[in-house]
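Colleague: Before we look at individual contacts, could you show me how to read the surroundings of a ligand in a model like this one?

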Amino acid sequence: MRINQYLAHAGFASRRKAEELVKSGQVRVNGQKMTDLSYQVQNGDQVTVNGQAAVNEEKVYFLLNKPRGYISSVSDEKGRQTVLDLLAGVPERIYPVGRLDWDTSGLLLLTNDGDFANLMMHPSHHIDKTYVAKVEGYANKENLRPLSLGMKIDGQKISPARYKIIRTDKQKNASIVELTIHEGHNHQVKKMFEKVGLPVQKLSRIAFGSLTLDGVSAGKYRQLSAKELRELRHSAV
Ligand code: URA
């Protein structure tokens, strides 16, 4: 692959901008300044731009079953555990697709493919995400109705969601409710339940598009298959 194409793939610049980087002497291959635009990058070449490694990674996609107590970020200034600690064996520079709260468990995708991450996160793409919430209070059709009508949260309109009452326990004054939404606003599910007077005590995401946690126990992960990726991309319409 030509040097400018390699830099573009590594996410450094557009191909044209990458040419400028090469011509202006900001690129080194194996420590040597490389200003020859016709140079073909070889396997094992170490390419740097102003001292920063340009690694042309293969795109990878993972499904993680996130336990509670991990933040959905690549690093944390307070030194808390991040989801990347659970994928320590993955050499690629992956990051989470959207986020789950520190105290939310369940299905989280991670990738190094920015286009794919954007596609999955954009609310207009209508990818369903299903959560199971343990809430305080007695859930019924009346108090849950606003969830399925659409509501305003922090001044923003939220699309109608689908819900299913799984269980109610009058004695413990608690209920289990499944909720499917396609947006991903900050703390959206917690805020939706809060608004109908049923504060969330425990939250887990059990599905993302057609993906579920089947066969992946808490703290474990697996790669997505080509078929699953195709289906996800297809459902992002
Ligand atoms: N909604 C929330 O409130 N929290 C999450 O972690 C995900 C969705």
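Modeller: An oxygen atom of the ligand is 2.7 Å from a polar backbone atom of Asp101, which can be read against the cut-off for a polar contact, a pair of N or O atoms within 3.5 Å. This is a predicted model, in which local features need pLDDT of at least 70 and side-chain atom pairs count only at pLDDT 80 or more, while totals for chains, interfaces and linings use all residues. Residues are numbered from 1 along each chain as its sequence is written, and side-chain values use heavy atoms, with hydrogens and water left out.

Colleague: Which backbone atom of Val189 lies 3.1 Å from the ligand, and from what kind of ligand atom?

Modeller: It is a backbone N or O atom of Val189, and its partner is a nitrogen atom of the ligand; a polar backbone atom of His187, in turn, is 3.2 Å from a ligand oxygen.

Colleague: Which residues surround the ligand?

Modeller: A residue is near a molecule if one of its heavy atoms lies within 4 Å of it; here the shell includes Leu100, Thr104, Tyr131, Lys190 and Leu203.

Colleague: Why does the ligand lie between two domains?

Modeller: Domain bounds come from an automatic or database domain assignment, and since domain 2 (61-112 + 216-235) and domain 3 (128-208) both give residues to the shell, the ligand lies between them.

Terms used. A polar contact is a pair of N or O atoms within 3.5 Å; within protein, one must be able to donate a hydrogen and the other to accept it, and residues adjacent in sequence count only if both atoms are side-chain atoms.
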